[in-house]
Amino acid sequence: MLNLKNSTRSSALHAAKHKSDRPAARAKEPNFGEVIRTRRRELDLTQDEVASRIKTSTPYVGHLESGKRHPSDKIVTRLAEVLGFDNRELFFLANPHTEALLSVQPERAEGSVSVWDQFRKNEQLRRIHNVSNDEMNMLSQVALLGEIQSPRDLIYILNTVRHAVGR
């Protein structure tokens, strides 16, 4: 992993988030490919160098940057390491549909459904992420460890565990 200062580490991702502060005519947020290309250029890396470091082909990196291909979770993790991004933020940038599904959260009132129950009952979300019964059991134990803020946190934890065990 590149040794970057924290302030530099997520500059491209940070810039992407604040583009919405611009006037309405230019309020379009950059997509995953644009952020990857911008960061690669900031680091003065070629597509070939990035491809070598994330163990893929140079044309594949070009396809990611142009939006012609969608990265796997493993590629997102490798890109985050090589380009100095936060894994979680890059994952959600690469998977905006996931963030949209998870961002709808009802106010937590007395007697309301827990985040774990929301996740457990959301069949569409579990189907999109191919969550197995074993993974559900593991996540139920994780949910007992502390306050989970949103179903999105459980998806992030699941993908982190999947990456760690090579799935």
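Among contacts in the chain between residues at least 6 apart in sequence, what percentage join residues at least 24 apart? In this predicted model, the share comes to 57%. The chain has 167 residues, and buried ones make up 35% of them. As for secondary structure, there are twelve helices and zero strands, so the pattern read along the sequence is simply α-α-α-α-α-α-α-α-α-α-α-α.

Helix H3, which covers residues 32-42, is a handy place to start looking at how helices meet. One of its partners is helix H5 (residues 58-66), and the two axes lie 6 Å apart at an angle of about 120 degrees. That angle makes H3 and H5 oblique to each other, because it falls outside the 65 to 115 degrees counted as roughly perpendicular and is not over 145, the mark for roughly antiparallel. On the H3 side, the contact is made by Phe-32, Gly-33, Glu-34, Ile-36, Arg-37 and Arg-40, while H5 brings in Leu-64, Glu-65 and Ser-66. Sorted by class, the residues of this contact are three nonpolar, two polar and four charged.

Helix H7 (residues 87-94) also meets H3: the axes come within 8 Å and cross at roughly 135 degrees. Here too the label is oblique. Phe-32, Val-35 and Ile-36 of H3 touch Leu-90, Leu-93 and Ala-94 of H7. The make-up of this contact is six nonpolar residues, with no polar and no charged ones. Phe-32 and Ile-36 turn up in the contact with H5 and again in the contact with H7.

Arg-40 deserves a look of its own. This residue of H3 has 8% relative accessibility, so Arg-40 counts as buried, the cut-off being under 20%. Leaving aside residues up to four places away in sequence, Arg-40 touches Leu-45, Thr-46, Gln-47, Val-50, Glu-65 and Leu-83. Of these, Glu-65 has already appeared on the H5 side of the contact between H3 and H5.

Next come the aromatic rings. A pair of aromatic rings is described by the distance of the centres and the angle of the planes. A search of the whole structure turns up two such pairs. Phe-91 and Phe-92 make an edge-to-face pair, with 5.1 Å from centre to centre and 75 degrees between the planes. Both residues are buried, Phe-91 at 6% relative accessibility and Phe-92 with a relative accessible area of 3%. The other pair joins Trp-116 and Phe-119, whose ring centres are 5.9 Å apart; with the planes at 35 degrees, the pair is tilted, because stacked needs under 30 degrees and edge-to-face over 60. Trp-116 and Phe-119 both belong to helix H9 (residues 115-121), where they are three residues apart, about one turn of the helix. Trp-116 is buried, with a relative accessible area of 18%, and Phe-119 is buried too, at 0% relative accessibility.

Rings also have charged company in this model. The charged end of Arg-152 sits over the ring of Phe-92, 4.2 Å from the ring centre. Phe-92 thus has Arg-152 over its ring as well as Phe-91 as its partner in the edge-to-face pair. A second arginine, Arg-88, has its charged end over the ring of Tyr-156, at 5.5 Å from the centre.

Definitions and conventions
Residues numbered from 1 in each chain as written. Predicted model: local features only at pLDDT ≥ 70, side-chain atom pairs only at ≥ 80, totals over all residues. Heavy atoms only, no water. Phe/Tyr/Trp six-rings, centres within 6.5 Å; stacked < 30°, edge-to-face > 60°. Buried < 20%, exposed > 50% of the residue type's maximum accessible area, 1.4 Å probe, protein only. Helix = DSSP H or I, 4+ residues; strand = E, 2+ residues; numbered from the N terminus. Lys NZ or Arg CZ within 6 Å of the ring centre and 35° of its normal. Contact = heavy atoms within 4.5 Å. Axes fitted to C-alpha atoms, helices over the stretch in contact; angles between N-to-C directions. Parallel < 35°, antiparallel > 145°, perpendicular 65-115°, else oblique. Nonpolar A, V, L, I, M, F, W, Y, C, P; charged D, E, K, R; others polar.
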